[in-house]
Amino acid sequence: MISLGSLFSREPAPMLGIDVSSSSVKLVELSRNRSGDLVLERCAMEPLERGWITDGNIEKFDEVAEAVRRVVRKSGSKTKNVALALALPASAVITKKIILPGGLSDKELEAQVESEANQYIPFSLDEVSLDFCVIGPSANSVGDVEVLIAASRKEKVSDRQGLAEAAGLKPVVMDVESYASRMAAGRVIETLPNQGIDSLVALFEVGALTTSMQVMRNDDVLYERDQAFGGAQLTQLIVRQYGFSADEAEAKKRSGDLPDDYRAAVLDPFIESMAQEVGRALQFFFTSTPYNKVDHILLAGGSAALPGLTEAVTHQTSFACMVINPFDAMEMASSIQARKISREAPSYLTSTGLALRRFYQ
């Protein structure tokens, strides 16, 4: 079996969490203080040009590697060879929970997993990086254990491994993007009423081109869906309305340096469209499952903090909605610009989940 220090590495070493998406590279580094509380040591973001990464594939390897180097320099991290985590999109990974007998040795468990994996992976095991972790005792089968297996084509893993190494970093963990975002979201869910226990939570992560939805209850994912809708559409609307280039529009969108009629002419219609997309995604969930409501909607991603979005989503769906801040309840290192980070925090959900792998394996 092939593991990259593995998809579910158990290494406790210091680790950067780096999320490479279609629009940017985001870095988070965490530590703990003497009381055991999480400390945000460093975070940084570096934009990528459109087309450098497409559908999870690295099209411009050298340019993306240089962006990773820049984000590390920008963060001020002195440990350049620290372990690195890069997220894999869900489309590039096959995951499956299986039940196996308890009490197996590591070697026996590995052999059983490899045998079971043949049933779920549509290509030869020689072509994949395969790993697993034991989740715990089976809830329905006494004496058995529940095991999560994950597999990805070797080239998907080696591309990201090579990207990290080209940037002068050592890849230790390769995680699944949706798993990383759930890891970070879990801390926020625990702050909901009754610590979020038995609550139905819909997490929407709004990327540049795609919005991903996960509906969770406790530790179970009930539903997942990706929609072709994201923050890049707002940039395109700005281009059409004002005649800026795409780069100018993106920069002005981030800085807020836009004409007086921007809110009414561009932003409000976009927010309404986004709220409708959230409502449409929830309807797909309701028609595909026995459920007809959710208890909480959490929004993450670069466009999550747009003014008026949570209110528009609540109006559209009738469900409580909030923007997720993965840095909530963390101590901030002296180098962190708290005001800037509070604005950008929803963009760091996946990279925070990756950084948390240092403490939660």
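# Notebook: helix H8 and its surroundings

I began just past the end of H8, where serine 318 follows the helix with a positive phi, near 75 degrees. A reminder to myself: this is a predicted model.

**Confidence.** I looked up how far to trust the coordinates. The protein has a mean pLDDT of 87, and 93% of its residues reach 70 or more. My starting helix was a lucky pick, for confidence is highest in H8 (residues 309-317), at 97. The lowest mean, 51, belongs to strand S6 (residues 83-88). I also noted residues 1-5, where the pLDDT is below 50. Beyond near neighbours in sequence, that stretch has 18 contacts in the model. I will go easy on such places, because coordinates with low pLDDT should not be read in detail.

**Around helix H8.** Which residues of H8 are buried? I found Leu309, Thr310, Ala312, Val313 and Thr317. Looking down the axis of H8, I saw that these buried residues fall within an arc of 160 degrees, so they line one face of the helix. A general rule helped me here: an α-helix has 3.6 residues a turn, so residues three or four places apart point the same way. On the face turned away from the buried side I found Glu311 and His315, both exposed. Next I asked what covers the buried residues of H8. The cover includes H7, S14 and S15.

**The largest nonpolar core.** I then moved on to the largest nonpolar core, which has 35 residues. Phe204, Leu282, Val294 and Ile297 touch the most other members. Strands S11 (200-206), S12 (211-217) and S14 (296-301) each supply at least two residues, and so do helices H5 (232-242), H7 and H8. Which element gives the most to this core? It is H7, with twelve residues.

I picked leucine 282 for a closer look. Leaving aside neighbours within four places in sequence, leucine 282 is in contact with Ala202, Phe204, Met213, Val294, Ile297, Thr317 and Phe319. Apart from this core lies another, of 28 residues, including Leu38, Phe327, Ala333 and Ala345.

**Aromatic pairs.** How many aromatic pairs are there? I counted seven. One of them joins phenylalanine 286 and phenylalanine 319, edge-to-face, at 6.1 Å centre to centre and with 75 degrees between the planes. Phenylalanine 286 is in helix H7 (residues 262-288), while phenylalanine 319 is in the loop between H8 and strand S15 (321-323). They are 33 residues apart, and the pair links distant parts of the chain. Are these rings buried or exposed? Phenylalanine 286 has a relative accessible area of 12%, and phenylalanine 319 also has 12%. Both values are under 20%, so both residues count as buried. Ring pairs link Phe286 and Phe319 into a cluster with Tyr223, Phe285 and Tyr291.

I checked another pair too, phenylalanine 327 with tyrosine 348. Their ring centres are 5.7 Å apart and their planes at 45 degrees, so this pair is tilted. Phenylalanine 327 is in the loop between S15 and strand S16 (331-332), and tyrosine 348 is in the loop between helices H9 (338-344) and H10 (349-356). Both residues are buried.

**Charges over rings.** I finished with arginine 182, whose charged end sits over the ring of tyrosine 179, 4.4 Å from the centre of that ring. Lysine 252 lies over the face of phenylalanine 244, at 5.1 Å from the ring centre.

Terms used. Residues are numbered from 1 along each chain as its sequence is written. This is a predicted model: local features need pLDDT of at least 70, side-chain atom pairs count only at pLDDT 80 or more; totals for chains, interfaces and linings use all residues. Side-chain values use heavy atoms; hydrogens and water are left out. pLDDT is the predictor's confidence in each residue, from 0 to 100. Helices (H or I, at least four residues) and strands (E, at least two) are DSSP runs, numbered from the N terminus. Contact means heavy atoms within 4.5 Å. Rings of Phe, Tyr and Trp (its six-membered ring) pair if their centres lie within 6.5 Å; planes under 30 degrees apart count as stacked, over 60 as edge-to-face and the rest as tilted. Buried means under 20% relative accessible area, exposed over 50%, partly exposed in between (1.4 Å probe, protein chains only). A charge sits over a ring if NZ of Lys or CZ of Arg is within 6 Å of the ring centre and within 35 degrees of the ring normal. A nonpolar core is a set of buried Ala, Val, Leu, Ile, Met, Phe, Trp, Tyr and Cys residues joined through side-chain atoms within 4.5 Å. The arc is that of the directions from the helix axis to the C-beta atoms.
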